[in-house]
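Visitor: I am new to this structure, and I would like a close look at one part of it, the nonpolar core. Please take me through what is found there.

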Amino acid sequence: MTEFFEVQPPDQARQRWFSQITHQVEVEYIPTHETLGRVTADVIHSAEALPAFQRSMVDGYAVQANSTYGASDSLPTYLRVVGEILMGKEAEITVQKGEAALIHTGGMIPRGADAVVMVEHTQPIDEREIEVLKAAAPGENVLQIGEDVTPNSPILPARHRIKAQDIGAMLAVGWNEHVPVVKRPRVCIFSTGDELVHPLAEKLKLGQIRDINSSTIQALCAGAEAEIMGIVPDDAMELFKALEKALPTADMLVVTAGSSVSARDMTAQVINQLGKPGVVVHGVAARPGKPTILAVVDGKPVIGLPGNPVSAFVMFRLFGVPALAHLMGTPMAIQTKVAARVTVNVPSAAGREDYVPVRLIERNGDGEQWAEPIFGKSNLIFTLVGADGLLKIPLNVTGLREGVWGEVIL
């Protein structure tokens with residue numbers, strides 16, 4: 001059969017695919033301290049005010065601000081020290097005009113005081129008296145009640161990926177209930193091909209190869225529950241049965257190999273039989289990975305990847321990883337990209353995006369990074385093993401010349 005694809009640019013293909021995906025992952029409730037990296041299913045509100053009491057921002061003396069007016073290095077104000085505010089306890093001292101109370105950072109502002117003079121702006125006379133060398137304004141160096149967060153105010157938005165500081169924020173405002181988060185999407189990964197054997201097979205027969213794509217794709221599914229479903233032979237009915245069985249409990253199906261247009265590649269046909277709308281895109285204007293299938297069944301994403309390891313890796317990074325974020329309703333985790341000069345001419349073809357494995361090197365001792373291509377065919381996984389990232393050749397250029405700047409996705 002003659003190879004033919006109605007190829008679409010990657011961004012257009014992704015947008016068209018996502019527009020058909022209506023399935024969303026379910027919600028679960030987990031303890032606050034276990035939420036790192038998870039996605040909030042709803043807005044998280046503060047259970048209380050933060051701070052819950054007026055407290056000092058510095059080490060110094062709690063005072064009535066008007067007791068310090070006019071104070072300077074040349075004409076200090078003298079205040080009587082009436083005690084010390086103990087940390088972790090309610091302030092029992094009342095500060096009158098002309099008085100001061102020793103206070104530490106985080107300590108509770110005592111009754112009567114409305115400012116804190118930094119210790120650097122004071123000079124002790126004895127245990128009972130200090131000189132104030134700089135005037136304080138009302139509210140100076142004081143955190144007010146609710147200044148950080150007010151009760152019932154939103155502290156984390158819905159569909160937000162929780163970071164370490166977010167956990168601290170929730171605990172700081174008394175969030176001691178279980179947090180509603182989006183469940184980890186369940187991804188079912190299938191490999192197809194009579195030539196494939198389990199990757200732990202000790203000895204291969206001639207003509208056999210180890211299935212490495214399933215494990216590689218599983219490793220790319222960070223934040224998801226990815227399960228390797230096994231190897232399916234080159235039989236349309238067997239593939240249909242396997243996908244049909246997995247579909248009800250899966251959030252996404254991934255099939256590697258069987259995406260090219262040839263007599264033995266039947267993935268697109270099987271997906272169309274599985275449910276509507278079926279195949280949305282068959283063919284992406286990118287290299288490697290042109291034959292990629294993007295489909296939707298019962299609102300759930302189904303992706304058919306080329307069998308070649310590099311193609312499968314690149315295409316799942318390009319489509320599968322963003323699809324997981326889409327299922328959870330959150331922006332995709334930011335990809336780390338760097339600019340680097342290209343060490344040699346890198347040819348391409350207008351009308352497609354190329355992704356070339358590269359090493360990053362420093363060439364001239366000036367700190368600039370250079371991208372050194374690792375050329376190889378798309379069935380050679382070791383072109384990726386030695387790579388630091390993928391050099392992106394934009395859609396409508398015929399390549400990058402030696403020395404020009406390019407974008408490298410780490």
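Guide: What follows is a walk through the core and then through the cavities. The model in front of you is a predicted one, and its largest nonpolar core has 41 residues, among which W17, V187, V254 and F319 have the most contacts inside it. In soluble globular proteins, nonpolar side chains tend to be buried together. Both helices and strands take part here, since the elements that give two or more residues to this core include the helices α1 (10-18), α3 (213-220) and α6 (309-328), together with strands such as β13 (186-192), β17 (252-256) and β21 (300-305). The largest share, twelve residues, comes from α6. If you take V254 as a place to look from, and leave aside residues up to four places away in sequence, you will find that V254 touches V187, C188, I189, F190, I217, I303, L305 and F316. There is also a second, separate core of 20 residues, and F190, L253, M266 and I293 are included in it.

As for empty space, a search of the whole structure finds two cavities of 30 Å³ or more. The largest cavity holds about 40 Å³ of space, and its lining is made up of G37, R38, V39, R161, V182, R184, G223 and M328, which by class are three nonpolar, two polar and three charged residues. The second largest cavity, with about 40 Å³ of space, is lined by V116, V117, M118, H121, K134, A135, A136, E140 and N141, and this lining divides into five nonpolar, two polar and two charged residues.

Terms used. Residues are numbered from 1 along each chain as its sequence is written. This is a predicted model: local features need pLDDT of at least 70, side-chain atom pairs count only at pLDDT 80 or more; totals for chains, interfaces and linings use all residues. Side-chain values use heavy atoms; hydrogens and water are left out. On a 1 Å grid over the protein atoms alone, a cavity is a set of points where a 1.4 Å probe fits but cannot get out, and a pocket is an open set with protein on both sides within 12 Å along at least five of seven lines; lining residues have an atom within 4 Å of a point. Grid points are joined across faces, edges and corners, and a volume is the space filled by probe spheres set on the points. Ala, Val, Leu, Ile, Met, Phe, Trp, Tyr, Cys and Pro count as nonpolar, Asp, Glu, Lys and Arg as charged, and the others, Gly among them, as polar. A nonpolar core is a set of buried Ala, Val, Leu, Ile, Met, Phe, Trp, Tyr and Cys residues joined through side-chain atoms within 4.5 Å. Buried means under 20% relative accessible area, exposed over 50%, partly exposed in between (1.4 Å probe, protein chains only). Helices (H or I, at least four residues) and strands (E, at least two) are DSSP runs, numbered from the N terminus. Contact means heavy atoms within 4.5 Å.
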